[in-house]
Structures are given as structure tokens and as C-alpha cells.
Amino acid sequence: RAAAAGAGAGADALASPAGLAAAAEELARLFPALGQLSSIIPRDTLAHRLNVLAEGCASVNAPGALERLGASPDPSSSSGPEPPSAKSPRGDRKPKPPRVLAIVSDADALIPSADEGARLKRRMPRSCCVVETLEGASHAALQEAGVDLVNIMRENGFGPRRATDPDPLSKDPKFVPPSTKELKVAFEGLNGLRSVVSPVFFSTRDDGSVVPGLSAVPFEEGRPVLLVGNHQTIAPDLGFIIEAFIKERGVLPRGLAHPVVAGGGGFGGGANRAAAADDEKKDADGSLEMPFGLPPPPGALELLTQVRGMADAVAASARDAAETSSADTDGGAGPGLSQFSRFGAVPVSGKNLYKLLAAGECVLLFPGGVREAFKRKGEKYALFWPSKPEFVRMAARHGAVIVPFAAVGAEDGFDVVADADDVSKLPFGVGDALMARARDVPSARAVDTRVTRDGQAEEAFVQPLIVPRVPERYYFKFGKPIYTDELFSKKKKLDDDAEALLVDETYAACRAGVEDGIDWLLVRRSGDPFRDTPGRVIWEAASGKQAPTFTP
């Protein structure tokens, strides 16, 4: 238990005089409790336990011990933490650290176990340590009534499976799905937005009939499913998609996400970080260089400060998302589901798509990517897919079922008042500097054929400035399944040209399925008796259940 490392909790702070003073004060506070222990526990027993505690603290607090948890020992390595790119002696990816459950008490009057739990989680590799805080529990928490260790372990995903347990959310043996507690916390995080947008789902059977819910999405043993759909601007609906599949179908869609969101990339390498440091130094000076040594116009410095502040806030938000989600990118959004990689998202790439489909997973893909998530003005519900097929051959290779889906509602809840094009046009070189920073963000595609081949605008990691309106209800429609194993059957013996034509036709059918779904939802939602948000919110609050919608 983390409660056994009170001395370790203060070890990080002993390097400064202030830390030593705080440690001395904490030790003085603990003396009365230690005195009481000596009257309860025999002195020899107490001395033995304190000695074990000291040995444990020395081991845990050894340089790099927590940071390198689970890594292969290397005598020649330095004492610092192992770099993220480190590999095992065989040249493979380094082994994943073991998962650790730390159970702490927030009312521990003997040692600061709650502080130690937070320290362990902070020091161990990401997503390695799970902290369970027992509210109101004392130092001897596991001896208190109502504390069930087995139940705590099961809720946090550490208990053994039982025959009565539902099927796992994932078929990938290398991925550990979120625990029951993590799911509960994530779903609760959606409640605020859910109470306003009240999402509803429809799916399409093989015969083309549309039914409420997700029952028509085909999940068969061993056959992967590829969900392909449209990104709504800033993707506030993503969490509801994941939640709906988990709750209704017992399946966790594994997202293929932009490297920043999935944790597969940061904001540039060492050279870029050095350049960013220079930029920060210049920003701190508050200077603005003008051509030919001219003085800046009135108000230019104030404008530059405001714009830089906005850009830094956006960049910091993206970096925080990357750091929060960077754990377990080898297999492991929206409100409540911001730790996208913990829910199985991986950086979008052909290799990762292959791995997920080969494992028989349900995969969630947005071909429009960031370009579609960060739309410009006047692009509501527009698709920005490459003309070149990107996923059909891979899906066919694994016999996957492709299900095109459409989502509407989110983009009616705000107006885009400034976009990447507006940012690029900011005067005094500000726009160019901000766009340069955006281009420093890792790209999801090595070559973006939408720009080189289709003539579309570049994919800029610049979030649009939006002004909220009255929120609309969210609607989702999953279209008619496309069975690639039937289209690309080996019995057909297609030549290269015929196969290429079939790939193009299938890709076009996927896009058409999304576009038709968007049109269908925009038209049919007019028949929703509870489309009006204020009236629906009042009705749901009074009835305690979700308001019904139109009949498909």
C-alpha cells in the first residue's frame, strides 16, 4: 500500500531548506502518534516495522527506481529515467511497466498516505499507477467495516475474471481496457453536456431499414469492424460515440487519432524546442520588430500580446492533451473522455490500423482528420476526405465490415468567427509566426494528398475561434454495413485494374454513406418533438429520463 511510504512522501522535498523545515514540522506532528503506537505495539515489533519501512523507502526512492519500473536492468545505463524511445536489448519496444494499485486513506492520522499515493502516480510511468482513495478511512483502512479489498481490486481492473463477467471490451490481448471505475468516472464527465444535447443514435440493417440504437451494427466473432465517419468541429461528440458502444454493445471502439491527441507526438524536436525557447525569450521582451526599423503602429504591441496569449493557450491545451493521453500508445475525448489513449486510441497510421484490424477490434476512423475537426467559416458539415482511398484495402485484407456513420447537431451550437485563414492574415508578421508554430505540430500524414493532389487547403493545427449559440440535440446515424470479405472474395480472382476500380467504388460508397447520413439526419430531425433544447431540458429534468425523438 502507498500508506506504507510516509517517509518517502517527503523525500523529494528534502533538497531545500524549506523542504527540510517542512519535513521537520511533519515529523514533529507524527511524534504523538508514534508514542501511542509504542504503547500499543511491543517496542521490538515496532522497531522491526520501522526498519522494514526504512528499507522500503530506500528502495523506492532510489534514483530512477519508480521512473524505470518494469524496465530491463542495464548496469551500463545512467541512473536517470529511461528515454521514451528506449528499446530492449533484442531491439523490440521496451516492455510495458506493470500496473500498480495504490490504496490510500484520506483520513490517515499516522502518516501522509494520500500524499504518497499522489507522489507514486506522479513518479511512475504514465498509466502505470492507479490510486484508490478511501474517503474517511483511517490508517488501518483494510480492517475497517465496509472496506472490501477484492471489490476495490475488481473495480480498478486488478481482479481476476469470473465466469459471470461480461465479455471483455477489447479483443486485443496487448491492450488493457479501462476499469469499471474509470468508465464510471468518464461517463459521469459527460453528464453535464448530455443534459443539454441528449444524444440519440440510429443504425441501419442489411436490408436498409433504420432502427433506433446500435443493434444493427454487426459484431461477429473474429470479424473486425471499421467505423468511418465525419468529424464535427472541435469534436465535442466523440465521448458519446464511445460511451454508446460500450453501454449498448459491450464494445470499445479503438480510435485512430492525430499524433498529438493520441500521444504519439509532441510539438517538434530539439531544434524546434530551442526555437520555441528563443520565441519565448523574445515574447518576454515584449518587442515587435518592424521592417526597415520603423516603429510599431499604435496598439500593435497590445494586439501582439493578446494574440500570442491566445496562441500559447491553444498550444498549451494541445500539449496537455498530448501529455495526458500519451500513456500506452502501443495499444493503449470529448468531455469526460479526454484521456483518449487510455480508451484504446493510437496514433493514426497504416501500421496501427493493421494491428487493430488483425486483433479483431472495432476501429473508429475520421478520414477528414484535423482539417475536418478544425473547419473554416462556412464549412458546416462538409467532408474533407482525400480523393485517394486510404483504408479500403486494409479493411478488405482483414475481411472487416465498414460502417459509415454520420453525426450532426454539434456544429449548430456555435458560429465560427475566426479560423486558420484569419489567423494567417494577422498583420505585423504575427500570422506567419502563428502558422509556423502550427506547422511544427506533427502531421498525421507524411504526404497529405488533399493538398498535393486535390488542391485543398493545408491541414493547420489551429483551433477556430467559436461563439456559442443555443445548443442543438446531437444525432448519430450508422449506415448500411459494407462487407469487404464479400466484395473482395478470393473466388472472384480480380486483376489489378478491376481490384483498383472496386477499391475506388467502395471508398466512394463509404463517403456517400456518410454524406447521405448527414442529409438524412438534418431532414429527419425536424420531426423530433423534443428538438427544442430549453423545452427538452425541462422535460428530462422533470421526468428523470431521456426525451424521445422521431421515429426513423
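Which residues of α8 are buried? Keep that question in mind as you open the structure, which is a predicted model. We will get to the answer at the second stop.

**Stop 1: Colour by confidence**

Start by colouring the chain by pLDDT. The mean for the protein chain is 77, and 71% of its residues reach 70 or more. Now select residues 1–11, where the pLDDT is below 50; this stretch has 34 contacts in the model beyond near neighbours in sequence. Residues 310–338 are also below 50, and there the model shows 72 contacts beyond near neighbours in sequence. Where pLDDT is low, the predicted coordinates should not be read in detail. With that in mind, let us move on.

**Stop 2: Helix α8**

Select residues 238–249, which form helix α8. The helix has twelve residues and reaches 17 Å from its first C-alpha to its last, close to the 16 Å expected at 1.5 Å a residue. Nine of those twelve residues are buried, so α8 is mostly covered. Here is the answer to the opening question: the buried residues are Leu238, Gly239, Phe240, Ile241, Ile242, Glu243, Ala244, Phe245 and Ile246.

Show the side chains of Lys247 and Glu243. They form a salt bridge, with the closest N and O atoms 3.2 Å apart. Lys247 and Glu243 are separated by about one helical turn, because they are four residues apart in α8. Are the two partners buried or exposed? Lys247 counts as exposed at 56% relative accessibility, whereas Glu243 counts as buried at 5%.

Step past the end of the helix to Gly250, which follows α8 and has a positive phi, near 65 degrees.

**Stop 3: Two positive phi angles outside glycine**

Go back along the chain to Ala235, in the loop between β5 and α8. Ala235 is not a glycine, yet its phi is positive, near 50 degrees. At 13% relative accessibility, Ala235 counts as buried.

Next, select Ser198, in the loop between α7 (191–197) and β3 (200–204). Ser198 is not a glycine either, and its phi is positive at about 40 degrees. Its relative accessible area is 1%, so Ser198 is buried.

**Stop 4: Strand β8 and its partners**

Select residues 362–365 to bring up strand β8. Which way do its side chains point? Cys362 and Leu364 point one way, Val363 and Leu365 point the other way, and all are buried.

Add residues 225–229, strand β5, which runs parallel to β8 and is joined to it by four bridges. Then add residues 254–257, strand β6, which pairs with β8 in the parallel sense over two bridges. Put Leu364 at the centre of your view: this residue of β8 is the bridge partner of Leu227, and also of Gly255.

**Stop 5: Around Asp172**

Now find Asp172, in the loop between α5 (149–155) and α6 (180–189). At 12% relative accessibility, Asp172 counts as buried. What does Asp172 touch, leaving aside residues up to four places away in sequence? Its contacts are Arg254, Ala359 and Glu361. Display Arg254 and Glu361 together with Asp172, and you have a network of salt bridges linking the three. Look also at Lys174: its backbone nitrogen lies 3.0 Å from a polar atom of the Asp172 side chain.

**Stop 6: More salt bridges**

Side chains of opposite charge can pair when their charged atoms come close. How many salt bridges does the structure hold? There are 21, and two further examples round off the tour.

Select Arg154 and Asp165, whose closest N and O atoms are 2.9 Å apart in a salt bridge. Arg154 lies in helix α5 and Asp165 in the loop between α5 and α6, so the pair ties together parts that are eleven residues apart in sequence. Arg154 is partly exposed, with a relative accessible area of 22%.

Finally, select Asp528 and Arg473, whose side chains meet in a salt bridge at 3.0 Å, N to O. Asp528 sits in the loop between α19 (496–524) and α20 (533–543), and Arg473 in the loop between β11 (465–468) and β12 (475–478), so this pair ties together parts that are 55 residues apart in sequence. Both Asp528 and Arg473 are buried.

How values were computed. Residues numbered from 1 in each chain as written. Predicted model: local features only at pLDDT ≥ 70, side-chain atom pairs only at ≥ 80, totals over all residues. Heavy atoms only, no water. Expected span 1.5 Å × (residues − 1). Buried < 20%, exposed > 50% of the residue type's maximum accessible area, 1.4 Å probe, protein only. Polar contact = N/O pair within 3.5 Å; in protein donor to acceptor, adjacent residues only side chain to side chain. Contact = heavy atoms within 4.5 Å. Salt bridge = Lys/Arg side-chain N within 4 Å of Asp/Glu carboxyl O. pLDDT = per-residue confidence, 0-100. Pairing = 2+ DSSP bridges.
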